Amino acid sequence: MPNIIIKGVNEGNLKNICLEIPRDKLVVFSGLSGSGKSTLLMDVIFKECQRQYLEAMGLQGIQKPKVDIVKNASPAIMITQTDQNKNPRSTVGTLTDIYTDLRMVYEKLGIRKCPNCNEIICSADCKEETEKQNDEFNVYMYCNCCNYKMDKITRTYFSYNTKEGACKACEGLGKVLTINENRVVHENLSLENGAINFWEQRYKEYQISCLYNAFKYYNIDFKVNTIVKDFTQLQKLILFYGVENESLKKAFPNKMPPKTIAQGRFEGIFTTLWRRISENQGDSKYLNSYFNYKVCSNCNGERLGELSRYVTVKNTRLPELSFFSLNELYDWVLNLEVSLNNRHFHMVESYLKDLKTKIQRIINMGIGYLTLDRQIITLSGGELQRIKLSSCLDSNLMGIIYMMDEPTIGLHPKDTIKMVETLKKLKDFGNTIIIIEHDIDVMKEADFIVDIGPLAGKHGGEIVGHGTLEEIKNNKNSLTGLYLNKPIKYGEIKRKSSSFIEIKNAKVFNLKNINVKFPTNCLTTVTGVSGSGKSTLVFDVLSKGFNNLNIKGIEEFDKIITIEQSAITKMRRSNVATYSDVYTYIRKLFGDLDDSKEKGLTNKEFSFNTKGGRCENCEGLGYVESNMLFFENIEVVCPVCGGNQFNDKVLSVKYKGYSIKDILKMSVDEALIVFNEKPKIHKILKLLYDVGLGYLELGQTLTTLSGGEGQRLKLAKELINNPSKHNLYLLDEPTTGLHPIDVENFLKLLNEIVNSGSTVIVVEHNQQVILDSDFIIDLGPEGGNDGGEVVFEGTPDDMIKNGTSFTAEYLRKYIKKH
């Protein structure tokens with residue numbers, strides 16, 4: 001099979017790259033964060049493969065990337081860490097179709113009581129008939145004991161997404177929402193002093209004026225700066241539920257609700273929250289903080305209606321299976337298979353085979369601890385990517401190019417081995433696997449490595465070397481090789497503490513009544529295999545105080561700052577500069593220039609989010625969307641502004657020879673030099689650099705950031721906004737997407753934070769972080785129900801010498817490799 005030949009790539013920071021990639025091999029792209037790996041893999045190779053494939057079918061519209069030739073290409077599949085499905089009803093079971101197979105098994109073999117004679121009957125042994133009524137077909141079955149005719153419980157009744165199957169009380173969600181009124185309203189404060197939590201800045205002033213207009217409309221007396229506790233019943237009624245609520249209409253039967261804001265049209269704070277949570281389909285951490293989730297009292301969280309909820313197969317109800325881990329479910333399927341007689345087995349043979357295949361492949365991905373009812377929106381990027389990868393193994397296609405960005409994200413080294421085996425199986429089917437990876441274990445197993453660099457951003461974009469791992473290690477120009485040849489330092493005792501955060505009797509989810517002590521003013525790493533309970537301990541127990549657990553020592557901190565993988569809202573109008581607030585100062589700088597004043601421009605015109613200075617054709621985005629009908633919409637450079645976002649008048653204003661668009665195209669590294677004389681701007685840029693984001697462009701939209709990049713951006717913003725020296729930082733795998741050299745620099749920042757008086761606790765698998773921490777808490781021994789125990793507490797040196805867990809085992813192997 002001929003190699004994939006790539007010539008003349010000049011996309012992004014890539015410098016006229018020419019490269020040959022072998023077919024039917026496992027190929028790893030390595031290099032510093034921001035060196036150009038993603039650009040070459042995703043923006044050039046994947047896009048060009050897609051473009052050539054679609055044009056071969058007569059479909060036009062995908063713009064060719066900046067590359068002269070991509071030869072010997074073939075259809076490509078990108079397996080990403082993100083998912084557009086924000087529906088809270090989507091679960092691991094529905095995404096993988098495992099739940100669909102189980103529904104079929106329960107339809108065929110379901111056991112229930114006859115409502116007439118109360119005898120236990122099996123669907124497989126009862127006579128069926130189908131009747132047509134009013135253009136609908138109804139399926140009936142007859143009791144094989146008393147011949148009573150009843151509705152057959154079909155696969156539809158076993159779906160919580162249908163009206164026949166869903167619990168009537170919670171509509172199949174398993175939980176009901178109630179507003180946490182104490183979090184929304186601080187009744188001891190006035191509206192002007194911040195009584196309503198989600199009314200901020202100018203929005204607060206606007207809402208207060210709307211409310212007071214409503215009071216005037218109904219001739220209700222009021223005094224400004226009255227605390228909410230002293231509001232009258234009618235005032236609270238309007239504040240909470242707005243002018244459209246029925247109680248207010250009864251109080252003023254002869255007065256129609258106001259039609260305009262000026263008249264007094266006011267929605268009400270609780271009504272507003274219900275509307276927003278509905279529009280976001282429950283997928284907003286910001287909104288969720290104002291709601292309490294209560295298990296549905298009707299179905300006890302089991303989602304299904306009463307009729308199907310009590311049907312059993314092998315003495316197990318379907319809702320019970322939904323709470324099984326996939327490891328447990330696999331055992332259940334095997335036991336069911338051997339217990340069936342020949343006739344029953346042949347009725348469900350194909351479904352059982354499908355179940356075993358799908359479940360085993362997911363277990364091989366290292367995520368067998370997941371349950372069927374786990375919502376997709378709660379999965380990490382790495383978990384979601386591995387589920388998608390497992391589905392690819394069901395395909396019999398060959399000659400495909402599979403592309404992945406760090407498929408081992410979130411995996412313990414123990415599970416990385418299984419991931420590599422899976423990638424090799426996919427390769428052995430006759431496919432080419434191209435991945436971006438920093439994991440040495442994966443690089444060691446690769447057939448071919450392409451190292452990009454030498455540095456990041458404008459100083460990257462070149463092929464530094466290619467070949468085997470040994471060839472990369474012997475390449476003097478490769479920073480990857482430099483790191484691989486460096487000796488590892490460990491055993492150094494950095495910090496000890498006499499004070500602790502203490503958690504007692506934690507038994508949330510799979511945690512088994514554990515006691516844990518986190519030393520303060522230290523860097524502590526929480527380790528363990530996937531699903532062992534790390535995130536539950538740190539983010540559910542320590543951060544949220546789940547189930548009101550008694551946690552001592554946490555009251556000593558000025559603020560608890562929790563930064564998880566999905567920490568920022570990814571809006572296409574928000575970019576690195578706007579999110580970090582540095583753009584506010586940059587716009588002010590441009591608005592204050594003499595040239596701007598002469599042209600009648602203010603800082604407002606330098607915003608791409610407001611009318612005045614932006615291009616109105618693309619509304620300041622620099623691109624417009626092109627509808628591809630059956631394919632995902634693509635972004636096309638705006639034909640009016642040519643991607644410049646602003647009109648010519650705004651673009652003509654320069655600072656040190658750079659227009660506002662030039663500034664947005666700069667990396668953080670470049671901007672640090674340009675704004676070295678502007679302290680406020682330079683301070684923010686320096687923090688972005690310190691968290692390992694120096695390679696990002698200021699105008700790079702948040703939608704393009706990985707989970708790790710988004711998390712580090714959130715950390716930078718917290719450091720900007722919280723100058724306090726005594727905070728508690730809780731981080732979830734902050735080194736995701738970082739090259740080992742970048743990890744070293746990031747660890748310097750974490751240690752600076754600790755040395756300044758704060759405490760840092762990270763959930764991590766990265767051995768560099770583990771070895772550099774002051775203290776380790778290791779959970780396990782396995783994942784899911786076999787995890788949730790503390791298997792080690794101590795220093796890295798203690799773990800290396802005395803640890804018996806999987807983490808200790810692989811930490812020792814890591815040291816030997818270096």
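Trainee: Does Asn 521 count as buried, partly exposed or exposed, and at what relative accessibility?

Mentor: Buried means under 20% relative accessible area, exposed means over 50%, and partly exposed lies in between (1.4 Å probe, protein chains only). At 30% relative accessibility, Asn 521 counts as partly exposed. Please note that this is a predicted model, in which local features need pLDDT of at least 70 and side-chain atom pairs count only at pLDDT 80 or more, while totals for chains, interfaces and linings use all residues. Residues are numbered from 1 along each chain as its sequence is written, and side-chain values use heavy atoms, with hydrogens and water left out.

Trainee: Where is Asn 521 found?

Mentor: Helices (H or I, at least four residues) and strands (E, at least two) are DSSP runs, numbered from the N terminus. Asn 521 is found in the loop between β20 (514–519) and β21 (523–528).

Trainee: What is the phi of Asn 521?

Mentor: Most residues other than glycine have a negative phi, and most peptide bonds are trans. The phi of Asn 521 is near 55 degrees, a positive value in a residue other than glycine. Glu 171, in the loop between β10 and β11 (175–179), also has a positive phi, near 55 degrees. Glu 171 counts as exposed, at 55% relative accessibility.

Trainee: Which peptide bonds are cis, with omega near 5 degrees?

Mentor: One cis bond joins Gly 453 and Pro 454, with omega about 5 degrees. Pro 454 is found in the loop between β17 (448–453) and β18 (462–467). Another cis bond runs from Gly 780 to Pro 781, with omega near 5 degrees. The loop that holds Pro 781 lies between β28 (775–780) and β29 (789–794).

Trainee: In which sense do strands β8 and β9 pair, and over how many bridges?

Mentor: Two strands pair if DSSP finds at least two bridges between them. Strand β8 (residues 127–133) pairs with strand β9 (residues 136–142) in the antiparallel sense, over seven bridges. Lys 127 stands opposite Tyr 142 in β9. The hairpin of β8 and β9 has two residues between the strands, and Asn 134 there takes a positive phi near 50 degrees.

Trainee: How many bridges join β9 to strand β10?

Mentor: Three bridges join β9 to strand β10 (residues 149–151), and the two run antiparallel. Met 141 stands opposite Met 150 in β10. This second hairpin has six residues between its strands, and Asn 147 takes a positive phi near 65 degrees.

Trainee: What span should helix α12 have, and how far apart are its end C-alpha atoms?

Mentor: The expected span of a helix is 1.5 Å times one less than its number of residues. For the 14 residues of α12 (residues 326–339) the expected span is 20 Å, and the end C-alpha atoms are 20 Å apart, which agrees.

Trainee: Which residues of α12 are buried?

Mentor: They are Leu 326, Leu 329, Tyr 330, Trp 332, Val 333 and Leu 336. Seen down the axis of α12, these buried residues fall within an arc of 160 degrees (the arc of the directions from the helix axis to the C-beta atoms), so they line one face of the helix. What covers them includes α3 (98–109) and α13 (342–364); for this purpose, contact means heavy atoms within 4.5 Å.

Trainee: How many salt bridges does the count come to?

Mentor: Side chains of opposite charge can pair when their charged atoms come close. A salt bridge is a side-chain nitrogen of Lys or Arg within 4 Å of a carboxyl oxygen of Asp or Glu. By this rule the count comes to 38 salt bridges.

Trainee: Which salt bridge does Lys 358 form, and in which helix?

Mentor: An α-helix has 3.6 residues a turn, so residues three or four places apart point the same way. The side chains of Lys 358 and Asp 354 meet in a salt bridge (3.0 Å, N to O). Both residues lie in helix α13, four residues apart, about one turn of the helix. Lys 358 is buried, with a relative accessible area of 14%, whereas Asp 354 is partly exposed, at 25%.

Trainee: Which residues are linked with Lys 249 in a network of salt bridges?

Mentor: The network links Glu 244, Glu 246, Lys 249 and Arg 265. Within it, the side chains of Lys 249 and Glu 246 meet at 3.7 Å, N to O.
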